[in-house]
Amino acid sequence: MKIVLITGASRGIGKATAQLLAQQGMRVVVNYLRDKQAAQAVVDTINIAGGTAMAWQADVSDERQVVDMFTAIDDAWGPVAVLVNNAGILSTQCRVEDLTAERINRVLTTNVTGYFLCCREAVKRMSHQHGGAGGAIVNVSSAASRLGAPGEYVDYAASKGAVDSLTIGLSLEVAAQGIRVNGVRPGFIYTDMHASGGEPGRVDRVASAIPMRRGGRPEEVAQAIAWLVSDSASYVTGSFVDLAGGK
Ligand SMILES: NC(=O)c1ccc[n+]([C@@H]2O[C@H](COP(=O)([O-])OP(=O)(O)OC[C@H]3O[C@@H](n4cnc5c(N)ncnc54)[C@H](OP(=O)(O)O)[C@@H]3O)[C@@H](O)[C@H]2O)c1
């Protein structure tokens, strides 16, 4: 049974991915930051349905907590074979001229440093060079890396640009080590994330400007992630799946 770590899986896209990968037979680690109850509810749903899951609290931007999380998974179940780097944040909508260093650094520390740290620990366990059996990593980026999120959160968009570069660079570094690294770039998905930007109804507001005229569901993103980590995508690395209704 493959072991998958999904960061930020207490709700939204991470939760949908946890449920789908559990249905497909993986053992799932549901990482979360604050909402223990929500993470436990995801775990309970999976376990009641006959799957195997556990919750693990860790701030992905904290190096020690990331290392401890991977070690705890090693001890409980064995090395992670699949990593879905998903935990991401954004802040209230504003223009670049109103950004503070504190905010920019907070976004970058979670969205970029957090992804790097989890990739590092995963590669140490998956890489043939380190005696690992190979593996798959999916980095959840955003359509914002292409669109720039003007007037909303260019800092967030830039963090996702960094995630795209990480995905390309790491995929090439580890391609010969049995590890595939790919990205998904969702856009306008119905989750609670938009409330942290100060506009819970954002997806409905922009829906008419999306070529498909609707927002996306977390389950639609989960399907792409599940394909990328599956053996069906065995020759796919350094690639991106855009899930933004044509945007
Ligand atoms: N929703 C969209 O339209 C959209 C579009 C493009 C890309 N994305 C990307 O998709 C990913 C998931 O987004 P979402 O909309 O599902 O987000 P969400 O509903 O806001 O959920 C965020 C998740 O990340 C966790 N989290 C936040 N900071 C963390 C940290 N430092 N360490 C560990 N976990 C942390 C949260 O845990 P707690 O609940 O415990 O706080 C929660 O489980 C993000 O990378 C986001 O940038 C989303």
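This passage describes the surroundings of the ligand in a predicted model and the annotated domain of the chain.

The space taken by the ligand is the largest pocket. Around the ligand there are 33 residues, and of these Ser10, Arg34, Asn86, Tyr156 and Thr191 come nearest. When the residues of this shell are sorted by character, 15 are nonpolar, 12 are polar and six are charged. Several elements of secondary structure take part in the shell, since at least two residues are supplied by each of helix H1 (12-23), strand S2 (27-32), helix H4 (101-126), helix H6 (154-174) and helix H7 (193-196).

Particular side chains place polar atoms beside oxygen atoms of the ligand. For Tyr156, an N or O atom of the side chain is 2.5 Å from an oxygen atom of the ligand, and for Thr191 a polar side-chain atom likewise lies 2.5 Å from a ligand oxygen. In the case of Lys160, the distance between a polar side-chain atom and an oxygen atom of the ligand is 2.9 Å. The ligand taken alone exposes 910 Å², and 96% of that area is buried by the protein.

With regard to the chain itself, an unreviewed UniProt entry places the feature "domain: Ketoreductase" at residues 2-189. Over residues 2-189, helix makes up 48% of the chain and strand 18%, while the C-alpha atoms at the two ends are 28 Å apart.

Conventions. Residues numbered from 1 in each chain as written. Predicted model: local features only at pLDDT ≥ 70, side-chain atom pairs only at ≥ 80, totals over all residues. Heavy atoms only, no water. Near = heavy atom within 4 Å. Polar contact = N/O pair within 3.5 Å; in protein donor to acceptor, adjacent residues only side chain to side chain. Areas by Shrake-Rupley, 256 points an atom, 1.4 Å probe, with all protein chains shown as cover. 1 Å grid on protein atoms, 1.4 Å probe; cavity = no way out; pocket = protein on both sides within 12 Å on 5 of 7 lines; lining within 4 Å. Sits in = over half its atoms within 2 Å of the grid points. Helix = DSSP H or I, 4+ residues; strand = E, 2+ residues; numbered from the N terminus. Nonpolar A, V, L, I, M, F, W, Y, C, P; charged D, E, K, R; others polar. UniProt positions renumbered as here; feature names shortened; annotations may be inferred.
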